[in-house]
Amino acid sequence: MEFYSTERLIVRSFEESDAAGLLAYFSEPRVNCFADEKITTFDEAIKTVKEKSHDDSQLAVCLRENDLIIGNLFTMQEEDTYSVGWNFNGNFEGKGYASEAAAGLLDYLFNE
């Protein structure tokens with residue numbers, strides 16, 4: 001299910017077809033806080049995308065041009081406060097995708 005799109009991105013629920021892309025960046029987490037989410041096999045990636053597909057706090061970030069997953073956004077809620085986080089494939093860093101996706105998520109949350 002697509003939640004929203006931006007000029008360059010589609011933000012949607014995870015799909016089983018995202019497994020290879022997820023494995024590409026979760027096989028070597030670049031930030032220590034994601035170390036416990038490390039996956040090493042394609043089977044683990046399939047299991048992970050299935051779990052994330054049922055979790056409304058987890059969203060796949062994909063390129064609009066080809067629906068390739070390049071990262072994910074997640075939300076955390078405490079009482080009346082939400083936090084937004086992200087994890088992106090290092091091959092797509094430095095292009096503004098994370099800030100574009102996060103800004104779109106905040107706009108979606110406040111207006112939908």
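Helices (H or I, at least four residues) and strands (E, at least two) are taken here as DSSP runs, numbered from the N terminus. With that settled, a word on the model itself. It is a predicted one, so local features need pLDDT of at least 70 and side-chain atom pairs count only at pLDDT 80 or more, while totals for chains, interfaces and linings use all residues. Residues are numbered from 1 along each chain as its sequence is written, and side-chain values use heavy atoms, with hydrogens and water left out.

**The largest pocket**

A pocket is found on a 1 Å grid over the protein atoms alone, as an open set of points with protein on both sides within 12 Å along at least five of seven lines; a cavity is a set where a 1.4 Å probe fits but cannot get out, and lining residues have an atom within 4 Å of a point. Grid points are joined across faces, edges and corners, and a volume is the space filled by probe spheres set on the points.

By that recipe, the largest pocket holds about 170 Å³ of space. Its lining is made up of Phe3, Asp56, Ser57, Leu59, Thr75, Tyr82, Leu105, Tyr108 and Leu109. Which element gives the most to this lining? Helix 3 does, with three residues. Sorted by class, the lining has six nonpolar residues, two polar and one charged. For the classes, Ala, Val, Leu, Ile, Met, Phe, Trp, Tyr, Cys and Pro count as nonpolar, Asp, Glu, Lys and Arg as charged, and the others, Gly among them, as polar.

One of the lining residues, Thr75, sits in strand 4 (residues 69-78). Leaving aside residues up to four places away in sequence, Thr75 touches Ser57, Ser83, Val84 and Leu105, where a contact means heavy atoms within 4.5 Å.

**The cavity**

There is one cavity of 30 Å³ or more, and the largest cavity comes out at about 40 Å³. Around it are Phe3, Ser13, Phe14, Lys52, Ser53, Asp55, Asp56, Gln58 and Leu59. Helix 2 (42-53) and strand 3 are the elements that give two or more residues to this lining. The class split is three nonpolar, three polar and three charged.

**Aromatic pairs**

Phe3 and Tyr108 turn up in the pocket lining, and they also meet as rings. Rings of Phe, Tyr and Trp (its six-membered ring) pair if their centres lie within 6.5 Å; planes under 30 degrees apart count as stacked, over 60 as edge-to-face and the rest as tilted. The structure has three aromatic pairs. In one of them, Phe3 and Tyr108 are edge-to-face, at 5.8 Å centre to centre with 90 degrees between the planes. Phe3 belongs to strand 1 and Tyr108 to helix 3 (residues 97-111), so this pair ties together parts that are 105 residues apart in sequence. Add Tyr4, and Phe3, Tyr4 and Tyr108 make one aromatic cluster.

**Strands 1 to 3**

Two strands pair if DSSP finds at least two bridges between them. Strand 1 (residues 2-5) runs antiparallel to strand 2, with three bridges, and a hairpin of three residues joins the two. Ser5 has Ile10 as its bridge partner in strand 2. Strand 2 also pairs with strand 3 (residues 58-63), antiparallel over four bridges; here Leu9 has Leu63 as its bridge partner.

In a regular strand the side chains alternate between the two faces of the sheet. In strand 2 (residues 9-12), Leu9 and Val11 point one way, Ile10 and Arg12 point the other way, and all are buried.

**Exposure and backbone**

Buried means under 20% relative accessible area, exposed over 50%, and partly exposed in between (1.4 Å probe, protein chains only). Here is how several residues fall:

| Residue | Relative accessible area | Class |
|---|---|---|
| Asn89 | 8% | buried |
| Thr75 | 19% | buried |
| Tyr108 | 22% | partly exposed |
| Asp67 | 31% | partly exposed |
| Glu79 | 77% | exposed |

Asn89 lies in the loop between strand 5 (81-88) and helix 3. Setting aside residues up to four places away in sequence, Asn89 touches Ala24, Tyr25 and Ile70.

Most residues other than glycine have a negative phi, and most peptide bonds are trans. Asp67, in the loop between strand 3 and strand 4, has a positive phi of about 60 degrees although it is not a glycine. Glu79 is in the loop between strand 4 and strand 5 and has a positive phi of about 50 degrees, again without being a glycine.
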